[in-house]
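Please read this briefing with the sequence and the model side by side. The points that follow are grouped by topic, so that each can be checked in turn.

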Amino acid sequence: MKTVLASRSIEIPEGVTVEIKSRVVSVTGPRGTLTRDFKHMDMDLKVIGGKGFIYKMRFVYSHFPINVSLSGNIVEIRNFLGERRVRRVTLPDGVKYVRSADVKDQIELSGNDIATVSLACAQIQQSTSTRNKDLRKFLDGIYVSEKGAIPAE
């Protein structure tokens, strides 16, 4: 059965302004501005309290250790399956890269916009896809291990 009318109410934190004009939603806060256009679809909105979104990615390898480094806004992946080729992934604006100090072989990508953070993680994971090999045997790659909202302090 189709829902004819539904309404929800959310609390807007202090220091955050929300503008809605012709189903275009703009949210401005101390961490920046986000704009979304909802003209083309039925809206399904979800409010998550926090300071942004974080994705944690782990390196999985059996023999050749994967080396990942950041130069500018480009993530460089070296020694994947022992290959000499350097794989490069450009991070979108607003995505922050952090190498975990306490956990070995883990990176953390965070930002305000869940779409750009998840896009960057997907591009990193797809850059390490194994081709022309048995996928049951060669499970090497960089995979998302944890994702969610950054908790409010």
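P13 is exposed, because its relative accessible area of 54% lies above the 50% over which a residue counts as exposed. This residue belongs to the segment that comes before strand 1, and the model in which it is seen is a predicted one. Although 16 residues separate P13 from G29 in sequence, the C-alpha atoms of P13 and G29 are 9.1 Å apart in space.

**The sheet of strands 1, 2 and 3**

- Three strands make up an open sheet whose order is 1-2-3, and the pairing within this sheet is antiparallel.
- At the edges of this sheet are strand 1, covering residues 17-21, and strand 3, covering residues 32-37, each of which pairs on one side only.
- From one strand to the next, the twist in this sheet averages 10 degrees.
- Strand 2, made of residues 24-29, runs antiparallel to strand 3 and is joined to strand 3 by six bridges.
- T28 has T33, a residue of strand 3, as its bridge partner.

**A nonpolar patch on the surface**

- The residues I10, I12, V18, I20, V27 and L34 form a nonpolar patch on the surface, and together they have about 490 Å² of accessible area.
- One member of this patch, I20, has its place in strand 1.
- I20 counts as exposed because its relative accessibility is 62%, where the cut-off for this class is over 50%.

**The sheet of strands 5, 6 and 7**

- Another open sheet is built from three strands in the order 5-6-7, again with antiparallel pairing.
- Strand 5 (67-71) and strand 7 (87-90) each have a single partner strand, so one side of each of these edge strands is left without a neighbour in the sheet.
- The twist in the sheet of strands 5, 6 and 7 averages 20 degrees from one strand to the next.
- Five bridges connect strand 5 with strand 6, which spans residues 74-78, and these two strands pair in the antiparallel sense.
- Within this pairing, V68 stands opposite I77, a residue of strand 6.

**The helix across the second group of strands**

- Helix 1, which consists of residues 114-127, lies across strand 6 and strand 7.
- The direction of helix 1 is at about 170 degrees to that of strand 7, one of the edge strands of the sheet with the order 5-6-7.

Key. Residues numbered from 1 in each chain as written. Predicted model: local features only at pLDDT ≥ 70, side-chain atom pairs only at ≥ 80, totals over all residues. Heavy atoms only, no water. Pairing = 2+ DSSP bridges. Helix = DSSP H or I, 4+ residues; strand = E, 2+ residues; numbered from the N terminus. Axes fitted to C-alpha atoms, helices over the stretch in contact; angles between N-to-C directions. Buried < 20%, exposed > 50% of the residue type's maximum accessible area, 1.4 Å probe, protein only. Contact = heavy atoms within 4.5 Å. Patch = residues over 30% accessible without salt bridge, like charges linked within 9 Å, V, L, I, M, F, W, Y side chains within 5 Å. Areas by Shrake-Rupley, 256 points an atom, 1.4 Å probe, with all protein chains shown as cover. Salt bridge = Lys/Arg side-chain N within 4 Å of Asp/Glu carboxyl O.
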